[in-house]
Every structure is written in structure tokens, then in C-alpha cells.
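User: I am new to reading structures, and I would like to understand the reasoning behind some of the words used for them. Could you take me through a few examples?

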Amino acid sequence: MKTNIIKLLGFGLAAGLTLTACSDEFLEDKKNYDNVNPEIYSDYTGAQLRVNDVYSWCLPNPTSDMNWQYPSTGSNDEAGKSTEEYSGFSVFLDPQNPLGVTSGQQVPDYFYNQLNNIQNSVYGRIRNINDVIEGITAGTLPQEQKDELLGQVYFFRAWCYYNLMKWYGGVPIVAETQDPIEGVYTPRSSAREVFEFICSDLDQSAKMLGESTLGGGWSSSDWGRVTTGTALALKGRVLLLWASPLFNRANDETRWSNAYTQMKAELDSINACGYDLYTAANNINGSVFANQFNQAIVNPEAVFVTLFNTTQSGDQQKNNPWERYIRPSNTSGSGKNASAMLVDLFPMADGKRPSTSTTYTKLEMSSYQYDSEHPFMNRDPRFYRTFAFPGFRWAYQGNSTLQEDQPNSPSYNNGQDYELWNYVWYTTEADRDNPSGSNEYAADNLLTSRSGVYVRKRSDDLDINSSPLYANFDAKADNGGFAYSAQPYIELRYAEVLLNLAEAACGAGHLDEAVSYIQQVRARAGYTAENNYGLQANLTSDQAACMSAILYERQIEFAYEGKRFDDMRRWMLYDGGAVKVPGAPASWTLTGWGGNTCDWLGFKQFNGQRRENMVFRVNDAHWQGGTTVDSDPLVNAGIERCAAVDLRQELGPQLETLKAWYDQNLVRKLKKGDGRDQNQVDLYINFRPQYYLLGLSNSALTNNTMLPQTIGWEDTSGAAGTFDPLAE
């Protein structure tokens, strides 16, 4: 009997006990079945429930910030605030509070977490996985069923080790069940051993899942489970990590060639599992790009995905909060504030970098003159699906005025005609002219709960999805609105498969192929062959320019999806890899890429910069108002708003109209983003070179005194670390 716990639930197994009587006698009466009678593994349903338990422990989770268990999923967490996407110093960028082990700001613990608590331990997840592998292997199920189940579990063991490797390099490899008790010790393996172990598990996963998934993937009832294609796509990410400057300081070209050869050969198998770029008819202003995130049924883009539901209570409840995170407060959301740096960095309508940008200097500047006062003019189609400004339509389905804390919010025809008008005004001239001040008030009852530029990425926009994935919007309770959303979260998209392969091809010297993969991604965004998809001609002859174009494309395509921090670390974009780690051996010196990846790429290093924010304030003729919803100075002056920009229609004339309205009524204002010192002097980003590969936390070292500390970090006694995370 096959059950679809992943589809219905996503997490938790208590509901699964009612599905079949044969599993009841095997399962202990507890929510997580990590200590079970071995006979469970000889019953298909019982064994599948254990596999589902592994999913529940390991699937990425957008309800959580990046931590020991989950990767970043695009929020303004420590990863997001370490990139161009959000402002505000993360622990990795703070120039005043360096990370340490025995003093100062404690280094985040993504290695250990808690002792003797399997559910809250990094290696507890791995122990649970090993238990399932051993149990199914020793059970009496037919080999076909064993392979189907084990293939999924091997994938998740590789996933766990990938998330360790990208932070720590060499870590202990535990390939059998161990209890976390005193006296159990596994030494740190080399980075190469960990890399090879991950690839071996992924190869095993791909092979075992072949019979079940190479014929187009799982059936629709099991969609969301990992496949051969999922394993090979993650393997491509791992191969790319191994070839990148973080682990490949001398630019060993055989790593690039190996990555390219394997990834290209395995692309057919990924495709055979039903994966491809999500496409649809009538791509208008990036609508297809935007709607790929709103496919709750089989979606070819979703290579590795976490599913959710609209259930509102009980063990089966698993809702995605992203829509609530990003929507404005007058729609029952909270809003996420995009940094001005990324807004100003996005490509123009011809696919080229803005004329004012100094970030990617080996890429051609746009023929459009960038207008910072009207940043929405003439931009890449994805721009309008990534950000929201005053004067843009952003429809939804539901009446936010029924929310207990939103009685004064406009209903906009139950959200179906919602327009964002988040311009601001002030009560005093001092506040108007203060970039650090918070005493500003936004239109339409946003007041002090507003963002200057909203993150719109991955929105369940009613104009592109007429059947929203959220439910119970009108509930008069805190959990109404967008709270109960079944929007899937895609950790690894097919676009990444193509751009990973593009990067490997570029590193291996196959520039023509690299460019062809970028073109495929840009074609879905809305570019055409008429202008070479917005790409400059020399990408097929200049490797540095080609690699720069790939990294730029990744930054734009995956904005607010939690990928940028990993890319910046892989390519050492904070200092170009030129700054030495104290006590590091000569093998750590970056000798490839001319000794500085930023210089080689033409990328302006992130260290030494600041990220600011922006708001659009009422101009000097009408800037002053009150503190309430009815004190909007433009409304009180009888100034009519222009029609909001409707992304379903041709943009050009609408944007010109909005631009003219801004010219008459609004001014872009700089708002402080990154921190200042006690004297209100600007501080600047400082990502220290030892942060590229983290040290073990104090708790990890204290609870396992035999673990050596990473070079560049102190141990619990204050002595310098001795373990080389790059050693092979």
C-alpha cells in the first residue's frame, strides 16, 4: 500500500497511524519514530513512514531562518543580510563585533547544536537516516521496494553532509548508527573525503530511484518526493562547490572539467524525471517567471521542493508563511524591505547592467540611462516580479478590513484591485531630512508599518494565479489573511540546474555552451534572440566576462531564494580571497584567478561597502501631515493618484504616467540601512577571511574535546585551531 503523507502533510507521522492497521503494531506511540521495532522495515507502509519521517526532519523550511537544520530560504536572516538583498549587519558582516569562540560574538553553530537530543542535533538527523538505511537494508522487503525507499534516504544523508561541508569543509563522516554518548568519537575527515562521500550517496540515490522516477518522475500522488533527477541536480551543486575558489584555491581545471563532464552527461537523466524550465503561454512582463512558484501540482521547475497545505490545525497542519511575510501590513502581512543596493543593481530592459553600477565592470552598461529617482523605468522583466513600489497593482483575494488590527485599511474590492501606495510624509522638517529617523507615516493605513521597497518575489499574485494557494483569508483572528498558504517552496529549481552547468562549462572552457544555458534562462524571463537575449557578444571568447555574466544571472534569477550568500562565499566575493587567514598554510593562498576573484571577475568587492534603503516621500510642497490614516497630505490637498501600474498590460505608457506623477509629487529619499557607530558615523561591511570556513562553536568543542578546531579560529583554551578544512 502506498500512502501520500508527503503530499497531504509534508511533516509529522501521527496521522499516518490511522492509514493501515498493519503498521500500528510496529510503531511506538510517539510523533517521531526514531526508535522502532526492526520489524517495521519488513512492512512497506511502516518503512515508508520511517522514510517520511526523514523528510520531516530534513526538508528545507521557509518558516525558519537559516540555522543548524535549515538553509536560508530568502528571508532577511543572517544569510540574507550578508548579501545585497537586505541591509542591516548580519553577524558575518558586523565590523564592530567579530565572531569568536571564547569571547565576543559567538560563532553560529551549524555543526553541533544540542548534545543527547537527536531531534535537535545536526548529527542526530544523520543518525536517524543511518538507522533507516540499516533497517530497510536488513529488512525483508523485495529489492525493488528497498531501492525505492533507500534511494530517498541516501539523498537526504547527502543533503545533510552538503550543508555541513559548505560551512566547515572536512567534518566527521558517520555512516552507521551511533548513539551520542560519551566515548563515541569520529574524527574530522578531509574535505575531499566528505565531497566524495556526498557524491557517492547521491550516485547511489540516483541509481536506486531510477526505476521509479526515470520515466517522467513520480506519479502525481507522490509528487514532491526526491527523484533520480533531484539527486543528480544536487550532485551538480556539490561538484560546483568543489570546483569553486572556496575549495579550489589554485584553480585546478580538472575539477571544472570533471564537474562539466558529469553534469552534462547527467542532464538527460534529470530531464527524464520530468524536469524542465516552467513555461506557459502568454508570458507578459515576466508573468511565467513569477507563476512558477505558484504551482501546487506537478511542476517541472521544482527539482527539490517542500510541499505545504492549507490545513489550519492539528498534526497535519503545515503552512507556508512567505506570502504573509512579504505582503504590506494593510493586507494582513508584515512586509520585507529590499535594499536599495539590489534595486539599483538589477539589469535594465536590454539585459545589461545599469549605467550607474560599478559592480560588474566586465559586463556592458545598458543603453538606457538609469534613473535612480524612478528606478522602475526600463528594467529587466523579473524586476517587476521581484520588487513593489508606490503605484503598482498587487492583487489578492480577501477582505483585509475584517482583520481585527486593520479596520481602517482600504478593501480595494476585496483585494482584487489592490494598489500599493507606500509613499511617506512627516510631521516635522527634522524628521523629513533625517535618513536615520523612523517618524514617517505611509499612505493607506500603512503608517509606521511600511517598507520603502517591498520584496515581491515568489508572491501568490491574483493577477497571475486566479486560484490562490492560501485559504481562510477573512478570518477575524491573528491567523487570518495569508497565514494558511499551500505555496510550495522550491529549494533547487531547474533554472539552477542550467546555471550550475553553465558555470561548470565556463570553468572548463566551453564558453559557447555556457552562454547557451544562460540564454535558455533569459528566454523564459522574456528576452529573445533579437538582441542575443540581452547578452554581450564577447561572452563566448572572454572567460572572466562569461563567468561574471553567469554570477550576475544567478543573482537576479535567484534573488530572495536564499542562494546569494552561498554564491558569494563560493567565489570569495567579500575580499576576492586576497586577505590571509592568520596561521593558514600556503595552500590556502588563492593562486588561481590572478590571486583575486573580484579583480578577475570585475566585481566590486563587498567589503568596505554599505547598503542603504530608500523610501519615496511626498515632495517639499506637501511633505507635512499627521500621524493617522486620514492625514495623508496628498489626499488632503486634493491630489489624485494616477492609475496604478498593471503588470497584465503593456508597461511603457503606464510607467511613463507613473513617472510623471512621481515628478509632481514624490522624491526618492535615502534611508539608513547598515549600522552606524555611537557617534552616528557610517560603518562598513567587514566579512573576515576566516568566515569563509567556520570554526566549531564553544559547545561543540566542550562536549567533544577530541574534535580539532579549524585553522583561523581559537579552541576553548584560546589556542589557535589546527585542523585544515581544505586539506585533501
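User: What makes helix H13 and helix H14 roughly antiparallel to each other?

Analyst: In this predicted model, the axes of H13 (residues 494-507) and H14 (residues 511-525) cross at roughly 160 degrees and come within 7 Å. Angles over 145 degrees count as roughly antiparallel, and therefore H13 and H14 are given that description. The crossing in which H13 passes H14 is left-handed.

User: Which residues of H13 and H14 meet, and how do they divide by class?

Analyst: From H13 come Ala-495, Leu-498, Leu-499, Leu-501, Ala-502, Ala-505 and Cys-506, and they meet Leu-511, Glu-513, Ala-514, Tyr-517, Ile-518, Gln-520, Val-521 and Arg-524 of H14. By class, this contact of H13 with H14 has 12 nonpolar residues, one polar and two charged.

User: How do you know what to call the arrangement of helix H3 and helix H4?

Analyst: The reasoning again begins with the angle, which for H3 (residues 44-58) and H4 (residues 122-138) is about 160 degrees, while their axes lie 10 Å apart. Because roughly antiparallel is the term for angles over 145 degrees, H3 is roughly antiparallel to H4. Their crossing is left-handed. Among the residues that make the contact are Ala-47, Val-54 and Trp-57 of H3, together with Ile-129 and Val-132 of H4, and the contact as a whole has eight nonpolar, two polar and four charged residues.

User: Why is Thr-228 called buried or exposed?

Analyst: Thr-228, which lies in helix H7 (residues 228-243), has a relative accessibility of 3%. Since buried means under 20%, Thr-228 counts as buried. Leaving aside neighbours within four places in sequence, Thr-228 is in contact with Ala-206, Leu-209, Gly-210, Thr-213, Leu-214 and Cys-273. In addition, the side chain of Thr-228 reaches the backbone nitrogen of Gly-210 at 3.1 Å, and a polar contact requires such a pair to be within 3.5 Å.

User: What about Ser-190, and why does its accessibility of 13% place it in the class it has?

Analyst: Ser-190 is found in the loop between helix H5 (143-168) and helix H6 (191-213). Its relative accessibility of 13% is set against the cut-off of under 20%, and so Ser-190 counts as buried. Apart from neighbours within four places in sequence, Ser-190 is in contact with Gly-170, Ala-727 and Glu-728. The C-alpha atom of Ser-190 is separated by 9.5 Å from that of Ile-173, 17 residues apart along the chain.

Technical notes: Residues numbered from 1 in each chain as written. Predicted model: local features only at pLDDT ≥ 70, side-chain atom pairs only at ≥ 80, totals over all residues. Heavy atoms only, no water. Axes fitted to C-alpha atoms, helices over the stretch in contact; angles between N-to-C directions. Helix = DSSP H or I, 4+ residues; strand = E, 2+ residues; numbered from the N terminus. Parallel < 35°, antiparallel > 145°, perpendicular 65-115°, else oblique. Left-handed = near helix turned anticlockwise from the far one by under 90°. Contact = heavy atoms within 4.5 Å. Nonpolar A, V, L, I, M, F, W, Y, C, P; charged D, E, K, R; others polar. Buried < 20%, exposed > 50% of the residue type's maximum accessible area, 1.4 Å probe, protein only. Polar contact = N/O pair within 3.5 Å; in protein donor to acceptor, adjacent residues only side chain to side chain.
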